[in-house]
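User: I am new to this structure and would love a close look at one part of it, the sheet. Could you walk me through how its strands are arranged and what lies around them?

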Amino acid sequence: MTGPAGAPATDLAVNGQRRAVSDVPGALLLWALRDELGLLAAKYGCGVEQCGACMVLVDGTPRPSCRLAVRSVAGQEVTTLEALRQEPEGKRVVDALVAANAAQCGYCLPGIAVTMTWLARRAPVAWAEVVRSLDDHLCRCGSHPRILRVARQLLTDAPP
Ligand code: FES
Ligand code: FES
């Protein structure tokens, strides 16, 4: 398969639609989403799967997209925050984070909202699982206490 400029391309399922993206050697999902499909919620942070800024769902499971080869997710469903926030759980998560002003610069929040939406689909979940899942996310601004307060209220049945 080739793309518009004759470059190799791969057909991906992104947010419920078939989308063709470049599949040159080394093509990574994060840049296909951002640069080719204009989906900007997933962010570049560390680039080495250590910060969670680039988190998306792949077949319903959170995965950092910064080192994920485009061709490795062909045939799988990729879901970004743009689509998740249209569903009830995603909207609830985003609204709660915004209402609690649970951020400083907000750079980390889209990735965190992806993981929290994944948890919200199964809520209530154990607090230990919330902590373990959000442990994959770094917040450079130190907003973790506020983010965790929202997560505890929204995702667990533990008292705030
Ligand atoms: S940019 Fe992907 S985990 Fe940091
Ligand atoms: S609020 Fe700035 S990185 Fe988290």
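Analyst: Happy to help. One definition will be handy later on: a residue counts as buried if 20 or more other C-beta atoms lie within 10 Å of its own, as exposed if there are 12 or fewer, and as partly exposed in between. Please also keep in mind that this is a predicted model.

Let us begin with the sheet as a whole. It is an open sheet of 5 strands with mixed pairing, and the order across it is β2-β1-β5-β3-β4. The edges are taken by β2 (17-22) and β4, and each of these has a single partner strand, so one side of each is left without a neighbour in the sheet. Going from one strand to the next, the twist averages 45°. As a general point, strands of a sheet pair through backbone hydrogen bonds, and they do this in either a parallel or an antiparallel way.

Both kinds of pairing can be seen around β1. On one side, β1 runs antiparallel to β2, and 6 bridges join the two. Within that pair, aspartate 11 stands opposite alanine 20 in β2. The two strands form a hairpin with 2 residues between them, and asparagine 15 in the turn has a positive phi of about 50°. On the other side, β1 (residues 9-14) runs parallel to β5 (residues 77-79), with 2 bridges joining them. Here alanine 13 is the residue that faces glutamate 77 in β5.

Now for the other end of the sheet. Between β3 (55-58) and β4 (61-64) there is a loop that holds aspartate 59. Aspartate 59 is not a glycine, yet it has a positive phi of about 50°. Is aspartate 59 buried or exposed? Aspartate 59 has 12 other C-beta atoms within 10 Å, so it counts as exposed.

Lying across β3 and β4 is the helix α4, which runs at about 35° to β3. The loop between α3 (88-99) and α4 contains asparagine 101, another residue with a positive phi of about 50° although it is not a glycine. Because asparagine 101 has 11 C-beta neighbours inside 10 Å, it is exposed. Following the chain past α4 (109-120), you come to the loop that leads to α5 (127-134), where proline 124 is found. A cis peptide bond joins alanine 123 to proline 124, with omega about 0°.

Finally, it helps to step back to the domains. The domain assignment gives domain 1 (9-80) and domain 2 (85-155), and their centres, taken over C-alpha atoms, are 21 Å apart. In the contact, 11 residues come from domain 1 and 11 residues from domain 2. On the side of domain 1 that touches domain 2, β3 gives the largest share, with 3 residues. The residues on that side of domain 1 divide into 9 nonpolar, 1 polar and 1 charged.

Definitions and conventions
Residues are numbered from 1 along each chain as its sequence is written. Chains are lettered from A and ligands numbered from 1 in the order in which they are written. This is a predicted model: local features need pLDDT of at least 70, side-chain atom pairs count only at pLDDT 80 or more; totals for chains, interfaces and linings use all residues. Helices (H or I, at least four residues) and strands (E, at least two) are DSSP runs, numbered from the N terminus. Two strands pair if DSSP finds at least two bridges between them. Axes are lines fitted to C-alpha atoms, for helices over the stretch in contact, and angles run from 0 to 180 degrees between N-to-C directions. Two residues are in contact if their C-beta atoms, placed from the backbone, lie within 7 Å. Domain bounds come from an automatic or database domain assignment. Ala, Val, Leu, Ile, Met, Phe, Trp, Tyr, Cys and Pro count as nonpolar, Asp, Glu, Lys and Arg as charged, and the others, Gly among them, as polar.
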